[in-house]
Amino acid sequence: MENYERTGVLGQGTYGKVYKATHTETGQVVALKKTLLTNEEEGVPPTTLREVSILRALDSPYVVKLEEVVHQEEADGKPLLYLVFEFLDHDLKQFQTATVGKHRPINYKLAKVRLGE
């Protein structure tokens with residue numbers, strides 16, 4: 001992950017942490033989802049394989065874009081998998097929370113304007 005500089009933690013879930021980072025060569029801001037591969041004998045967890053497979057198959061402006069997948073080892077030799085996503089200012093849950101009770105459909109053009117695209 002030498003091509004990325006982490007700038008903060010965006011969240012943590014069952015399968016790992018998500019970091020905000022910047023690509024050191026291009027300056028592109030991304031979200032890095034770090035997944036620890038705890039059982040080397042089993043390899044990549046099926047949930048992660050499904051996520052990667054589905055995201056690679058999708059090409060939709062309504063789904064976060066998976067930029068790349070990086071496999072590496074920590075200093076102690078533990079295997080890691082990083083999913084590199086486009087960075088968005090908020091996720092669907094945050095958007096839903098902000099619009100609770102307003103019963104408005106998602107306006108994609110408005111969302112893109114708010115994200116500076």
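1. A quick definition before the hairpin comes up: two strands count as paired if DSSP finds at least two bridges between them. Keep in mind that this is a predicted model.

2. With that in hand, look at β4 (residues 66-73) and β5 (residues 79-86): they run antiparallel and are joined by seven bridges. At one end of the pairing, Glu73 in β4 has Pro79 of β5 as its bridge partner. Five residues sit between the two strands of this hairpin, and Gly77 takes a positive phi there, near 90°.

3. Stepping back to the whole chain, I get three helices and five strands. Read from the N terminus, the order is β-β-β-α-β-β-α-α.

4. Now Leu36, which belongs to strand β3 (residues 29-36). Is Leu36 buried or exposed? Neither, quite: its relative accessibility is 35%, so Leu36 counts as partly exposed, given that buried means under 20% and exposed over 50%.

5. Leu36 also makes a handy marker for distance across the fold. Between Leu36 and Glu74 there are 9.4 Å in space, C-alpha to C-alpha, although the two are 38 residues apart in sequence.

6. On contacts generally: take the pairs in the chain whose residues are at least 6 apart in sequence, and 39% of those contacts join residues at least 24 apart.

7. Last, burial and surface. The chain has 117 residues, and 24% of them are buried. Its accessible surface comes to about 8,400 Å², with 51% of that belonging to carbon and sulfur atoms.

Technical notes. Residues are numbered from 1 along each chain as its sequence is written. This is a predicted model: local features need pLDDT of at least 70, side-chain atom pairs count only at pLDDT 80 or more; totals for chains, interfaces and linings use all residues. Side-chain values use heavy atoms; hydrogens and water are left out. Helices (H or I, at least four residues) and strands (E, at least two) are DSSP runs, numbered from the N terminus. Buried means under 20% relative accessible area, exposed over 50%, partly exposed in between (1.4 Å probe, protein chains only). Contact means heavy atoms within 4.5 Å. Accessible areas come from the Shrake-Rupley method with a 1.4 Å probe; for residues, only the protein chains shown count as cover.
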